[in-house]
Structure formats: C-alpha cells, structure tokens
Amino acid sequence: MPGYAGGSIKNPTYAQVCSGTTGHAEVIRVEFDLSIITYRQLLTAFFASHDPTTMNRQGNDIGTQYRSIILYATEQQREQAEAVIAEIDDDSAPVVTEVEPLKEFYEAEEEHKQFYERNPSQAYCQVVINPKLEKFQREYVELLKT
C-alpha cells in the first residue's frame, strides 16, 4: 500500500510530502506472511529494487521524501535490517538507508494506488519502473510466486 511515513505532520497530502517540508518519505506498507516469505527476503527485494547509496534521491527524483528508509515494526526487524545493511555496506559507496521505528503510516490518495497497473504506458512507468521490474524478475525469480 503506498503512503507516507517518517515525518512530523498528520495526514499529509501528496503535494505536502512532495514539497519536502513534512519530513515524510514516500513509502510502501508491506504486509506479509512469514510462512510464505521471510523478512530477510523482503529486505533483499528492497535493496535490489533501489539504490540505497544515494542520499535523498532515487533516480531523477530528488528530495528528502525520496530517501531510502526502512520503518520497522519490531526490534527483530530492526536488527535484521541493520545486519543486512552491514553486509552490503561498502566504503566506496556507503549505504545511507535510514532504519527507524514506524510511528504512523498515512495511506496515499486513491490516484497513487495501483499506479503502475493503471498507467503502464506512461513514460515514468516505461523508463523507470519497467527496467526495475525486469531486473528483479531476472535476478530474484525464486522470490516470485509461480
């Protein structure tokens, strides 16, 4: 579920978050079943699907709302996230992903839900999302349901 978290104002709008003044990041809330996928596998997917070494930036999207952040629900999740970061961290390209407790999640507006499915031919989907999906599908086929 797309939304916003990690900031200081209640019920932010997309426009407010995009202004970079709320402290919120654009995030995805992931609900999962541990009998199907582990938290570590989700972390693998997370780090494979974006660049965790760029501060406040993902591709052409720039601002604190685009920072790499993991908002954990339990101390075990925090420990696992920090362990994975320690494993992939590299002095030449240090991981800048923040690891913070999830305090509040605000669901995104309706037009941001299922965006890719509703807009597959939009330029952003073609140029940014499609290459990421294709890479993930090639490299992490074992994590995908058949």
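**Entry 1: a charged network**

I began with the charged side chains and found that salt bridges link Glu75, Arg78, Glu79 and Glu82 in a network. I note at the outset that the model is a predicted one. Within this network I looked up the pair Arg78 and Glu82, whose side chains form a salt bridge with an N to O distance of 2.6 Å. Both residues belong to helix H3, which covers residues 75-88. They are four residues apart there, about one turn of the helix. I also checked Glu82 for accessibility: its relative accessible area is 36%, and Glu82 is therefore partly exposed.

**Entry 2: the count**

How many salt bridges are there in the structure? I recorded a count of eight. As background, I wrote down that side chains of opposite charge can pair when their charged atoms come close.

**Entry 3: Glu98 and Arg67**

I turned next to the salt bridge between the side chains of Glu98 and Arg67, where N and O are 3.2 Å apart. Which parts of the chain does this pair tie together? I located Glu98 in strand S6 (residues 98-101) and Arg67 in the loop between strand S4 (61-62) and strand S5 (69-72), so the pair joins parts that are 31 residues apart in sequence.

I then asked of Arg67: is it buried or exposed? Its relative accessibility is 11%, and as the cut-off for buried is under 20%, Arg67 counts as buried. Its partner Glu98, at a relative accessible area of 27%, is partly exposed.

**Entry 4: Lys113 and Glu110**

I examined another salt bridge, formed by Lys113 with Glu110. The closest N and O atoms of this pair are 3.2 Å apart. For Lys113 I noted a relative accessible area of 15%, which means that this residue is buried. Glu110, by contrast, has a relative accessibility of 57% and counts as exposed.

**Entry 5: the second largest pocket**

I closed with the empty space in the model. Rolling a probe the size of a water molecule over the atoms shows where such space is left. For the second largest pocket I recorded a volume of about 180 Å³. Which residues lie closest to its centre? Of the 15 that line this pocket, I listed Gly6, Gly7, His24, Lys103 and Glu104 as the closest. I found that the elements giving two or more residues to the lining are S5 and S6. I then sorted the lining of the second largest pocket by residue type, which gave six nonpolar, four polar and five charged residues.

How values were computed
Residues numbered from 1 in each chain as written. Predicted model: local features only at pLDDT ≥ 70, side-chain atom pairs only at ≥ 80, totals over all residues. Heavy atoms only, no water. Salt bridge = Lys/Arg side-chain N within 4 Å of Asp/Glu carboxyl O. Buried < 20%, exposed > 50% of the residue type's maximum accessible area, 1.4 Å probe, protein only. 1 Å grid on protein atoms, 1.4 Å probe; cavity = no way out; pocket = protein on both sides within 12 Å on 5 of 7 lines; lining within 4 Å. Points joined across faces, edges and corners; volume = space filled by probe spheres on them. Nonpolar A, V, L, I, M, F, W, Y, C, P; charged D, E, K, R; others polar.
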